[in-house]
Amino acid sequence: MISIVVPVYKSEKFLFECVESIMKQTYTDFELILVDDGSPDNCGIICDKLAKEYDNIYVIHKKNGGASSARNVGIEISHGDFLMFVDSDDTIEKNMLERLFYVQQQTNADVVGSLLHPQRQFTDVDYQQYTSEECVKKLFLRKLDSSPCTKLIRKSYLNNVHFPEGITNEDIVFLYHLYDKCERVCYLNECFYFYRKNIDSVTHSLKDHALDMVINADYLVDEVANNNPDYIEYVITYRDKIYLDFCFLLLRNHFYNKTEYRNRYDYCRNLFMKRFKNILFSQIYSWKYKVKLLLTILYK
């Protein structure tokens with residue numbers, strides 16, 4: 001059986017559509033766990049109504065703790081052999097479970113993922129198999145997406161891997177720990193997941209979200225340095241790119257001199273002064289990142 005965990009918060013406009021797309025799956029051996037994360041709108045009422053309508057929908061109501069907290073609660077009470085996560089703003093194709101589970105059965109993979117964006121194709125074959133090490137490296141090099149929502153995960157690997165709470169942009173941290181423990185991961189060259197940007201649920205501006213990612217990148221570097229130094233080169237590359245994206249965003253929008261961002265901008269700039277040659281002459285960084293590097297160094 002597959003357990004599908006949906007953290008629910010401020011999504012009353014889209015919740016019915018999300019659940020409907022799940023309940024129409026061609027693969028029917030699943031349970032749907034709706035975790036009402038203290039949503040202040042009518043989401044809790046909608047969840048209870050849906051649970052009365054369908055026998056395989058279960059509802060948990062909890063105090064607001066964020067998406068990580070809600071997903072962790074869903075993991076704890078799930079009964080499935082495999083887990084999948086869907087955000088309550090989004091929808092999935094009716095054959096998503098069937099296709100992911102079919103490939104899992106063919107390959108015995110611990111994680112089976114699919115494309116997050118339909119226009120991005122990474123291979124000409126139906127699916128690509130990776131080792132744990134390959135996945136971690138590709139994750140840090142940003143050659144694989146960091147969304148947990150496009151993946152079917154063997155539950156036994158989640159006994160010791162949960163979503164970290166109290167940090168921002170926690171998905172990549174979760175996937176790093178998950179891939180580090182897996183033996184085999186498959187990625188389908190298909191897109192089944194439809195992401196919707198729900199303005200009502202956005203609590204950060206674009207620049208604040210970028211700052212969150214910078215803080216998260218620092219957290220990841222410390223995690224890898226302390227637990228798995230073999231990946232330190234790759235996580236530093238990830239951090240560099242996140243920093244460069246952040247600095248370029250500030251420059252483009254003339255925010256780099258604002259008080260709340262100035263210290264972080266100066267910190268990034270000083271780091272790039274030290275790593276200038278490493279980045280400029282490396283083939284890992286595209287010319288776009290090298291231009292961002294030069295601009296960051298140029299503007300004091």
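**Entry 1: cysteines**

I took a disulfide to be a pair of cysteine sulfur atoms within 2.5 Å. The model I examined is a predicted one. I looked up the sulfur of cysteine 247 and found its closest cysteine sulfur, in cysteine 268, at 4.0 Å, which is too far for a bond. Starting from cysteine 268 instead, I arrived at cysteine 247 as the closest partner, again at 4.0 Å and too far for a bond. I therefore recorded no bond for this pair, and the structure as a whole holds zero disulfides. I also checked burial. Cysteine 247 is buried at 0% relative accessibility, and cysteine 268 is likewise buried, with a relative accessible area of 0%.

**Entry 2: the sheet**

I traced an open sheet of eight strands with mixed pairing, in the order β3-β2-β1-β4-β8-β6-β9-β7. Which strands stand at the edges? They are β3 (57-62) and β7 (127-131); each has a single partner strand, so one side of each lacks a neighbour in the sheet. On average, and with direction ignored, neighbouring strands here are turned by 20° against each other.

**Entry 3: strand β8 and its partners**

I then followed β8 on both sides. With β6 (residues 111-115), strand β8 (residues 151-154) pairs in the antiparallel sense over three bridges. Within that pairing I noted valine 112 opposite leucine 152 and valine 111 opposite isoleucine 153. With β4, strand β8 also pairs in the antiparallel sense, over two bridges. Phenylalanine 82 stands opposite arginine 154 of β8.

Next I asked which way the β8 side chains point, and whether they are buried or exposed. Lys151 and Ile153 point one way, Leu152 and Arg154 the other way, and all are buried.

**Entry 4: helices across the sheet**

I looked up two helices that lie on strands of this region. Helix α2 (residues 43-53) lies across β1 (2-8), β2 (30-37) and β3, and runs at about 155° to β3. Helix α3 (residues 67-77) lies across β1, β2, β3 and β4 (82-85); its angle to β1 is about 150°.

**Entry 5: the nonpolar core**

The largest nonpolar core has 97 residues, among which Ile4, Phe140 and Leu178 touch the most other members. Helix α8 (residues 232-252) supplies the largest share of this core, eleven residues. I listed the contacts of phenylalanine 140, leaving aside neighbours within four places in sequence: Tyr176, Leu220, Val224, Tyr231, Tyr234, Val235 and Tyr238.

**Entry 6: helix α8**

I compared the span of α8 with expectation. At 1.5 Å a residue, its 21 residues should span 30 Å, and the end C-alpha atoms are 30 Å apart, which agrees. Of these 21 residues, 15 are buried, so the helix is largely enclosed by the rest of the structure. Just after α8, I noted that histidine 254 takes a positive phi of about 60°.

**Entry 7: valine 235**

I closed with one residue of α8, valine 235. Valine 235 is buried, with a relative accessible area of 0%. What does valine 235 touch, not counting residues up to four places away in sequence? I found Phe140, Leu220, Val221 and Val224; the contact with phenylalanine 140 had already appeared in the list for that residue. I also looked up the separation of valine 235 from phenylalanine 85, which lies 150 residues apart from it along the chain, and their C-alpha atoms are separated by 25 Å.

How values were computed. Residues are numbered from 1 along each chain as its sequence is written. This is a predicted model: local features need pLDDT of at least 70, side-chain atom pairs count only at pLDDT 80 or more; totals for chains, interfaces and linings use all residues. Side-chain values use heavy atoms; hydrogens and water are left out. Buried means under 20% relative accessible area, exposed over 50%, partly exposed in between (1.4 Å probe, protein chains only). Two strands pair if DSSP finds at least two bridges between them. Helices (H or I, at least four residues) and strands (E, at least two) are DSSP runs, numbered from the N terminus. Axes are lines fitted to C-alpha atoms, for helices over the stretch in contact, and angles run from 0 to 180 degrees between N-to-C directions. Contact means heavy atoms within 4.5 Å. A nonpolar core is a set of buried Ala, Val, Leu, Ile, Met, Phe, Trp, Tyr and Cys residues joined through side-chain atoms within 4.5 Å. The expected span of a helix is 1.5 Å times one less than its number of residues.
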